[in-house]
Structures are given as C-alpha cells and as structure tokens.
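Biologist: I've got this one open on my screen and would like to talk it through with you. Can we go question by question?

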Amino acid sequence: MSTGEIVAGILAPHPPHLVYAENPPQNEPSAECGWEVLRWGYERLRKKLESIDYDVLVVHSPHWRTTVGHHFLGVPHFKSISVDPVFPNLFRYHYELDVDVDLAESICAKAENAGLVTQMMRNPDFRVDYGTIISCHLLNPAWDKPIVGISSSRAYYYYNNEVGDREMLALGEATRQAVEASGKKAVLIASNSLSHRHFTEEPEVPEDMRNEHIYHHGQYLWDMRMLKLMKEGKSQQLMDEMPDFIEQAVSECKEGCLSWLMGALEMPTYPAEVYAYGSVIGTGNAIVEWDPKSAEVSS
Amino acid sequence: MSNIVMGLVVPGQPHPLLAADQSPAWQSLQDSFDKARQEIEASDAELLVIYSTQWPSVIGHQIQADPEPEWVHVDENWHAMGSIPYKFKMDAEFADAYCAAAQARGLHSRTVAYKGFPIDTGTVVALKLLNPDNRIPACVVSCNMYADRAETLVLGKAARDAIEAQNKKTVAVAVTALSNRMFTQPIDPKEDKISSLKDDEWNRKLLEFFAEGRLEDVSQLARQFTAQANGDNKLKAIWWLAALMGQNNRYQGDVIDYQPVNGSGAAIVSLVPSTEAAMNQEFDEDDVEYYGGDRKVLDSGSDTSGDEENVDASASGQTGDTLVNTNAAPKPVGAYPHARREGDTLFLSGVGPRQAGSDAIPGGAVRSDDGSPADYDVEAQTRAVIENVKTILEASGSSLEKVIDVTVFLIDMDRDFAAFNKVYKEYFETIGATRTTLAITALPTPIAVEFKVIARA
C-alpha cells in the first residue's frame, strides 16, 4: 500500500447564508442572491478540488461540541435533515453522506495513543452537525466522497488558549499520521470563520447586502493580519498570535479547527492561497487553501 | 393575583433521563424530577414556559411555535447513552403572544416552527421528565448568546406580560446548571462529584438563598457567581426566571435536590409565590422595562444625525419607523420608548421632569414618602420637563424648534398654571407650536407636570 497524504488543507467557514444564497436543491428555503464574493470563492475552490485526486474529506467542525474528549463519526451512512438552530429560516438541508469509518477509527486510535481523550460516535440516530454539512456542501455539493467528522472538544474552553492550541496541534499530528498510514489521499477542512462577533438583528430580507459589513473595524484588522501571515507561510507566527486573536477578535478559532489543521499540515512554511474574504452577519470569513504540492514546487 | 403559580430550576443534562441506573446521584435527580412533576400536576398549571441555556440564539430570541414537534433526539456529547424519541405539545398561540409581547418591549424575537428543528437536550430532558404525557402544553424560548442581564430581564417581563394577557396558570422552568465546569476525562458514574470544592461551596451558597425564597437576590448575584464558579451561561436562565416571577424575594423555596452531573452542579428547586419576603431587596441597577438595543448598525436607512453616543435606535419591525431611547433622558416607567418616528413625524411619549440616572425631581416631589402632600416648585419642574423634551428630540435628530403640537398635563391647574405658563413662554414663544393644557388628578410618579409632544423628525 502506498503512503497516504494530505493533498489539501482548507479553511472553509460554514455560514448557512452561503448555502441559502446558492439555492441548491437540498435546501428548503430559497434566496434571490447574496454573499457573492464568498460564494464565488468557494466556486473557484470547488473547481480546484475537482482537479485533485482525493479519497476523503476530513472535517473538524465547531458545531459538534463535545465535553469529554474528541469524538469521531463512526456510522457508515447518514441520511436526515439538518436545521440550523440559529438560522432555521435560512438552512433546512436534506443530506445523505458516507463516512470513512476506517480512517475515523485510525485517527481516533492515534489521538488516544498521543494522550488525548477520544470516542467513536456509534449512534445511528445521531444528526450530523450543520457546520460539517455546510462546509462539505460548499466544497463538494455532489457528496460523492466519504467524510470523516471530528468534534470540537469543549475541554478546549476550560483551559487558556495556549493549552488548547497544544492539544489541537497534537490532534492534527495524529490525523496526519493516520492519513499517511491509510494510504488515502485526504482533503482536510477546518470549518471555522475568523473573527466571530455577530449582529443580533437580521434584515427583513436576509440577503439584503446593504446591511452586510464586518461588525467592528478591530475585527477586520485582526482578520487581515491573520490572512497576511497565512499568505506569507508564517504558520508558527500565526499560532503564536492565535491566543490574542481569539481573545480580541472573538475568533471562532477558539474551537480549535484551524490549530488542528496547522498541526496536521506540520506548520506549513509555504504560502496559502486566499480564495475569498467577506463578512456574514458581521463575522469575518475567509476561504483559504494550503496546497502541500506548492511546497514541493517552491523547494 | 398572578397567574404564575410556580417557578422551577432544573438541570438539562440527559443523565437523569437516560442513565439514572448508572449513578446514585443521577438516580436521585430522576426521583426529584418526579417530585417536581407531581408538584406541577398539583398546581393545576395550564402552561409550562421554559428557558433553556442549551438553546443558543444569535438573532434576538427564538420561541418554539411548532404545535407538535417530533424527532429522535441524540445528544451531541452523550450520544452513547442512547436516543430520545419525543413528540411534544406546544402552545403555539402562547408562543405568538410571547413573541408579540417581547417585540412590544423592544426585543428582537421570532417564532420558529420547522419540521426537524433541533430542540435542545435541556428542553427535551425537562419535558420528558416534568411533563411525560404532554398533559400541559409548553412554550420554549432560546438563550441569546450575546444578551446581557438587562435584555434577559426584559425577556422575562415579556413572558409575564403574555402570561397575564392570556390568563393561563403557568409554571416557569429555568433549565440550567449552577456551576458548569464538567470533567473532561471519563469518570466512573458512581463516583461523580462537583468538579471543585470552590464550585461546590458557591453552589451551596446559592441554594441557601433559593431555600429562603430569595430568587431576586440570586439573580443579582449571578454575575459574581459566574465569575467564581463558571455559571451555566452566566445564569441567564435565573435572570429570566426572576424577572418573569416578579423580581422579588417573596417565595416559598424548596431545594428538592442538589447533585453532580459529570462535575457540574445540578439542582432542582421549586419557588412558590408567597406573601412573606425574606428581606428587603437591593437597588437593581439592571432593571429596565424596555430594551432599546445597542446595535443600530443594521438601521442604515434611518437618520442618525442626532446624539448618537447615548441613543439606542432600533427598527421596530415595520418599514420606515424607528423607536428611540436615550440614556440622557429619564428612564420610561413602562413598556414604551422615549420616541417613535413615523415617516417624517416624531411622536414623544409623555415626558416629566425626572432627571436621567438619579430620577430626582427638580423643584421637589408633589408628595412625601408617607403620601402626604408636599410643597413643590412648578417652575423648576416645567423647566426640567422642557429640557427633557429637548434632549429626546435632539437624540432623535430633531429639535425644540421643530415641535408641532404640545399637550400639557397639570395636576393642579389653579395652583400651577400661571407659573407653568411663564416658563413655557420662555421656550416656545417663537416656535409657534399648538398647545392644549389639561388638568388631571395624578401622574404615575410624584410630579406636577408632563408634556406630550409631536414634532417634525
């Protein structure tokens, strides 16, 4: 068996607004338009992924929240409807997906060996969280690849950001080891936004773009700083500044997704490509890809 | 006599429902839930109103309005404990009334009624254990992740408004843990305990208050508790419950149970309204009647050229109109804004002479604390009224010069008209506003004069 590899690492935020505005057949509500900069960024990235040979999407989602350790989807097939509890007016999505349980079990075991608390989720009635559904739809609306779903451990919330980051880097390392051992080509997805302060009111027409802007200029400056570091391949500095970013920009990176991705990609020193940046109900969202092949070309 | 017959505090983790046999603590909670269920049944309640900290919202507050939500629920963390099939009976009519009452108090709220909407574990557990046969219709409201205490108090008062308007005997249920620091490593359920001694001590202090019926004191203590013991969502559920039940300490409190659930503090407490107060309350600095909002950023279509620093203008849900509240004017004494813009016209609520912040009355109150008549200076009161009118107009982007019509209310026409009229002339002589002056028997606060004003926006 050949060695598996991570063929792409993606920061893929999950605002339901983007699926809503796209009007896919799976989603019940319909929209006129909206959030085009982000949606078109996702469209370009979809095309890129279509050109890549990969076997599985591994997604770490902020909206599967677990208290005791890191959990992994462990049921081979799910079919249900995902209703966003915060924006049910925008996202009621009928999904059907396959899970690569073998790879999930392998990551789970390697993380446990690394000293992390882990658990497989075997309940067939479980509803897959909307963060996972949205990020996966935006990258692969055909759902023709299996996924591995990883929860966001709330233990991360009990400790300071530095301690949390160390744990997520270890989970990322375990993920990379499992992918390599599997012989599979994996696309890794960190399903989080950057700055994450929302507006608490919604326009009568949600896609009325007159009202869409970043919540606070300070958030925007932080987002730009983080994106600059990504584009310059300065992942270690990104991680060093992450605790302050989380605190000062109310960043969803607190959920650990991006730290996990950096750990899995072994703290990339090659530039990331930013496909789009935009706000969604005040939060800062960036679509970013790390392509390990670009490291080989540049080295 | 209020329609609120009882308040309950219950935990929202699934352990008492799904895994009681694994732990004496969880079994005790299940038994205590059953005791609370029996108390509800004995109360002849017609409605359960629930606030769950496990239903987060971002866009204001959401209220469940699906008459019969049905699903097989699995908790995202405790999935190995099993599935929870449910079919509940919700009071959709009350949900609509609650939503309208919340909006009338300036809150952003909406009902939700979607097939497959993910009802949270806390609500599911509470309804399965407190109302297993759906004998009593329920209503559930979300926990806004950004809401502060003032906003949550208004949400509780809105629930009370709707309950009284609907005239339904109601049990209010706050689904919340006390301390919420859970173990992050697997534990032996038989050895479950509160995760720290400090959290345990804080929980027990709160429970002392509950046992004495001091719900309002717990509400006011919540922020300190949260800082010390990782309170569940800042104990917002207690803020809501205290406001809904009337913001006092007059309850017969019963701490039915207190147990650990994976390290968190899980208490079941009942509070039945009583005539006996534990003791006097402190002044509550968060007690507002109307929520003006603090985020007018979406209101891009309105004129915000006034004193933006202290103005909270929020869309009221109708095209083209805007509600205005300002901290620079005295706090309204009811559920109404300082002003409302309709097109190019600005309508002010009745304005008195009280001073913003202190509520002091220039010229003195018209009666003493014991209710006996007091001497007062109507000139000073009139001047203060007009200055307050001016403040509200300017906060709304208007000015005294744009006043169209004034209605003046005096409690003693014979005594006060001449002095009032003299001050009025100083301000309004060149403005040309129409005016009507009425004698009335009393005003809501101990003041002698109030203005009702219409102006150009």
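Modeller: Sure, and keep in mind that this is a predicted model. Let's start with A:Trp35, which is buried, with 26 other C-beta atoms within 10 Å.

Biologist: Why does A:Trp35 count as buried?

Modeller: The cut-off for buried is 20 or more other C-beta atoms within 10 Å. A:Trp35 clears that cut-off because the number of other C-beta atoms within 10 Å of its own is 26.

Biologist: Where in chain A is the place of A:Trp35?

Modeller: Look between two helices of chain A, α1 (16–22) and α2 (36–50). The backbone of A:Trp35 has a positive phi of about 55 degrees there, although A:Trp35 is not a glycine. Most residues other than glycine have a negative phi. So the place you want, for this buried residue, is the loop between α1 and α2 of chain A.

Biologist: And A:Glu266, is it buried, exposed or partly exposed?

Modeller: A:Glu266 also has a positive phi, of about 55 degrees, and it isn't a glycine either. You'll find A:Glu266 in the loop between α9 and β9 (273–280) of chain A. Buried takes 20 or more C-beta neighbours and exposed takes 12 or fewer. A:Glu266 has 15 inside 10 Å, so it counts as partly exposed.

Biologist: Moving to helix packing, are α6(A) and α9(A) parallel, perpendicular or oblique to each other?

Modeller: Two packed helices are described by the angle between their axes and the distance between the axes. For helix α6 (residues 161–182) and helix α9 (residues 257–264) of chain A, the axes are 7 Å apart and the angle is about 45 degrees. Under 35 degrees would count as roughly parallel, and 65 to 115 as roughly perpendicular. The pair α6(A) and α9(A) is therefore oblique.

Biologist: Which hand does the crossing of α6(A) and α9(A) have?

Modeller: From α6(A), the residues that meet α9(A) include A:Met168, A:Leu171 and A:Arg176. On the α9(A) side, A:Trp260 and A:Met262 are among them. By class, this contact has 8 nonpolar, 4 polar and 3 charged residues. As for the hand, α6(A) passes α9(A) in a crossing that is right-handed.

Biologist: Zooming out, what radius of gyration does chain A have?

Modeller: Chain A comes to 10 helices and 10 strands. For its 299 residues the globule rule gives 19 Å, and chain A is close to that, so it is as compact as a globular protein of that length. Of those residues, 57% count as buried. The radius of gyration of chain A is 18 Å.

Biologist: What radius of gyration does chain B have?

Modeller: Chain B has 10 helices and 17 strands, and buried residues make up 51% of its 457 residues. Its C-alpha atoms fill a box of roughly 80 × 50 × 40 Å along the principal axes. A compact globule with that many residues would have a radius near 23 Å, and chain B agrees with this at 25 Å.

Biologist: Last one: which strand of chain B gives the most to the side that touches chain A?

Modeller: The two chains meet through 30 residues of chain B and 27 residues of chain A. The chain B side has 16 nonpolar, 11 polar and 3 charged residues. With 3 residues, the element of chain B that gives the most to this side is strand β2 (residues 47–57).

Notes: Residues numbered from 1 in each chain as written. Chains lettered and ligands numbered in written order. Predicted model: local features only at pLDDT ≥ 70, side-chain atom pairs only at ≥ 80, totals over all residues. Contact = placed C-beta atoms within 7 Å. Helix = DSSP H or I, 4+ residues; strand = E, 2+ residues; numbered from the N terminus. Nonpolar A, V, L, I, M, F, W, Y, C, P; charged D, E, K, R; others polar. Rg over C-alpha atoms; globule rule 2.2 N^0.38 Å. Axes fitted to C-alpha atoms, helices over the stretch in contact; angles between N-to-C directions. Parallel < 35°, antiparallel > 145°, perpendicular 65-115°, else oblique. Left-handed = near helix turned anticlockwise from the far one by under 90°.
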